[in-house]
Amino acid sequence: MEFLSNLSGAIAVGVGFYAIYRIMVAVKKQNYAFVVMCVLFPVFIIGIPAYGIYTLKFKKVLKAKCEMVSKTTNNGSVDMFLTYVKQWGFFNHPEQWNQIKGVWFIVNECSNVSTAKKKELRDYLITNGLRLNNSEKQIIDNYKG
């Protein structure tokens, strides 16, 4: 999967360079083409690595939030997790979905999380793209209060 991620980044760079080239060709004047290149080229050179760094940091923070819920599973940790994912969301990437699905399984099996909180988490995750089969959707009602 890492190869595909790197490949998609390389394709994005290639598309960016091709877009700049096409804009320069459309301008058709050397002076204007140079100005276009000087303006757009730094945007791609700076923007793509910055996006990559942002993506890595975001994945690291989401992984830390998932681990936090896994280690201390209670209503408070589920609330903090929900607050985070509602604010920042998550990437549509198999690794991210597996982490989030793992959090759902841990929360659902925990007796320290209320049934209402489990339902809130499940409904939010399903609404935002988590796929669960019928047996995985069933909430385990084992709250000890």
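**Packing of α5**

I began with what the buried side of α5 packs against. In this predicted model, the buried residues of α5 contact three helices: α3 (75–88), α4 (94–109) and α6 (134–137). I then listed those buried residues. They are Lys117, Lys118, Leu121, Arg122, Tyr124 and Leu125. Their directions from the axis span an arc of only 165 degrees, so they sit on the same side of α5. I looked at the other side of α5 too, where Ala116 and Thr127 are exposed.

**Length of α5**

Next I checked the helix geometry. Helix α5 covers residues 115–127, which is 13 residues. At 1.5 Å a residue, the span should be 18 Å. The end C-alpha atoms of α5 lie 18 Å apart, so expectation and model agree. I also looked just past the end of the helix. There, Gly129 has a positive phi of about 120 degrees.

**Salt bridges at Lys117**

I turned to charged pairs. The structure holds 6 salt bridges. Which residues pair with Lys117? I found Asp79, with the closest N and O atoms 2.4 Å apart. This pair joins distant parts of the chain: Asp79 belongs to helix α3 and Lys117 to helix α5, 38 residues apart. I also found Glu120, where the closest N and O atoms are 3.1 Å apart. Glu120 and Lys117 are both in helix α5, 3 residues apart, which is about one turn of the helix.

I compared burial across these partners. Is Lys117 buried or exposed? Its relative accessibility is 12%, and the cut-off for buried is under 20%, so Lys117 counts as buried. Asp79 has a relative accessible area of 31% and is partly exposed. Glu120, at 32%, is also partly exposed.

**A second pair within α5**

I noted another salt bridge in α5. The side chains of Asp123 and Lys119 meet at 2.8 Å, N to O. Both residues lie in helix α5, 4 residues apart, about one turn of the helix. I looked up their accessibility as well. Asp123 is partly exposed at 29% relative accessible area. Lys119 is partly exposed at 42% relative accessibility.

I then traced shared partners. Asp79, Lys86, Lys117 and Glu120 are joined into one network by salt bridges.

**Thr73**

My last stop was a loop residue. Where does Thr73 sit? I placed Thr73 in the loop between α2 (30–71) and α3. Its relative accessibility is 10%, so Thr73 counts as buried.

What does the side chain of Thr73 reach at 2.6 Å? I found the backbone oxygen of Val69 at that distance. I logged another backbone oxygen, that of Ser70, 3.5 Å from a polar atom of the Thr73 side chain.

I also listed the contacts of Thr73, leaving out residues up to four places away in sequence. Thr73 touches Ile106, Val107, Cys110, Asn112 and Val113.

**Recap**

I kept three points for the page. The buried residues of α5 lie on the same side of the helix. Lys117 in α5 forms salt bridges with Asp79 and with Glu120. Thr73 is a buried residue in the loop between α2 and α3.

Key: Residues are numbered from 1 along each chain as its sequence is written. This is a predicted model: local features need pLDDT of at least 70, side-chain atom pairs count only at pLDDT 80 or more; totals for chains, interfaces and linings use all residues. Side-chain values use heavy atoms; hydrogens and water are left out. Helices (H or I, at least four residues) and strands (E, at least two) are DSSP runs, numbered from the N terminus. The expected span of a helix is 1.5 Å times one less than its number of residues. Buried means under 20% relative accessible area, exposed over 50%, partly exposed in between (1.4 Å probe, protein chains only). The arc is that of the directions from the helix axis to the C-beta atoms. Contact means heavy atoms within 4.5 Å. A salt bridge is a side-chain nitrogen of Lys or Arg within 4 Å of a carboxyl oxygen of Asp or Glu. A polar contact is a pair of N or O atoms within 3.5 Å; within protein, one must be able to donate a hydrogen and the other to accept it, and residues adjacent in sequence count only if both atoms are side-chain atoms.
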